[in-house]
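Subject: Structure handover

Hello,

Here is the structure I promised to pass on. Please open it alongside this note and follow along.

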Amino acid sequence: MEKLIQITSGRGPVECQWIVTKVLKTFLEEAKNNNIDYEIIHRENGDENLTLKSVTILLKAKILNDFLKNWLGSICWTGKSTFRKLHKRSNWFIGVFELEDFEEINFNEKDIQFQTTRSQGNGGQNVNKVNTAVRATHIPTGQSVFVQDSRSQLENKKLSVIRLKQKVMDMHSKQLERRMQETWNNHVQVQRGNPVRTFSGTDFKNNRQEKSFKKQRNILKNELKNFKNDLD
């Protein structure tokens, strides 16, 4: 079973883009713990360093539905922004969605049809009179390339496979981008409320040091209070 999943900040601000990176890390860790193979297909960088507007992941496993039940929908992160320290908002939402009806293109050289022909244009008597040029067609997609770079038919055939694979993958990427755009349009406003997962934290910076000593002061106060009670 294969499923294509998109984690997106929608039209959310940079805080939501930061959450996408954090949720992505947790998502992949849980996928690995559940013996789910994954591949990051596409990512769109956010407005700040180490942030992502969206990321698309291909999951592969025998069973995926149980794993995805805990992920598909809106995700809430509770915490104060350090990108905008005076911002009062504390609940931030992103979305995790499935790109449905996705069909992966598997490029197999067995699906290529080769035709040889004479090279075109100038190139000398040997090039123009011997079938050294190669046209390669990928039958499942109909994509084709014509190669006449070398005077060797074998070399042209090798080049045609490389270029045809790139062309098929480029076509696949464009199709995927269109699908992601459709999903983006459908979920530009990430649904709030009733999140499937809720995370919490005191700030959005990974390595930010907490400079407040409030916790330590409270501990000392309690210790002092207990000490006085013991004396009484």
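Below is what was found, starting with the sheets and ending with the aromatic rings.

Please keep in mind that this is a predicted model.

**The six-stranded sheet**

Six strands make an open sheet. Their order is 2-3-1-5-4-9, and the pairing is mixed. Strand 2 (37-45) and strand 9 are the edge strands, each pairing on one side only. From one strand to the next, the twist averages 20°.

Look at the strand 9 edge. Strand 4 and strand 9 pair in the parallel sense, over four bridges. C76 stands opposite T198 in strand 9.

Now find helix 1 (residues 14-33). Helix 1 lies across strand 1 (2-8), strand 2, strand 3 (52-60), strand 4, strand 5 (91-99) and strand 9. It runs at about 15° to strand 3.

**The three-stranded sheet**

There is also an open sheet of three strands, in the order 6-7-8. The pairing here is antiparallel. Strand 6 (112-117) and strand 8 (143-147) stand at the edges. Each has a single partner strand, so one side of each has no neighbour in the sheet. The twist averages 15° from one strand to the next.

Strand 7 (residues 133-138) and strand 8 pair in the antiparallel sense over five bridges. T137 stands opposite S144 in strand 8.

As a general reminder, strands of a sheet pair through backbone hydrogen bonds, either parallel or antiparallel.

**The aromatic rings**

How many aromatic pairs does a search of the whole structure find? It finds five. One pair is formed by W71 and F199, and it is stacked. The ring centres are 6.3 Å apart, with 25° between the planes.

What does this pair tie together? W71 lies in the loop between helix 2 (65-68) and strand 4 (73-78), while F199 lies in strand 9 (residues 197-200), so the pair ties together parts that are 128 residues apart in sequence.

Are these two residues buried or exposed? W71 counts as buried, because its relative accessibility is 0%. F199 also counts as buried, at 17% relative accessibility; the cut-off is under 20%.

Ring pairs also link W18, F27, F67, W71, W77 and F199 into a cluster.

**Charges over rings**

W71 appears again here. R197 lies over the face of W71, at 4.2 Å from the ring centre. Elsewhere, K157 lies over the face of F114, at 4.6 Å from the ring centre.

Best wishes

Technical notes:
Residues numbered from 1 in each chain as written. Predicted model: local features only at pLDDT ≥ 70, side-chain atom pairs only at ≥ 80, totals over all residues. Heavy atoms only, no water. Phe/Tyr/Trp six-rings, centres within 6.5 Å; stacked < 30°, edge-to-face > 60°. Helix = DSSP H or I, 4+ residues; strand = E, 2+ residues; numbered from the N terminus. Buried < 20%, exposed > 50% of the residue type's maximum accessible area, 1.4 Å probe, protein only. Lys NZ or Arg CZ within 6 Å of the ring centre and 35° of its normal. Pairing = 2+ DSSP bridges. Axes fitted to C-alpha atoms, helices over the stretch in contact; angles between N-to-C directions. Contact = heavy atoms within 4.5 Å.
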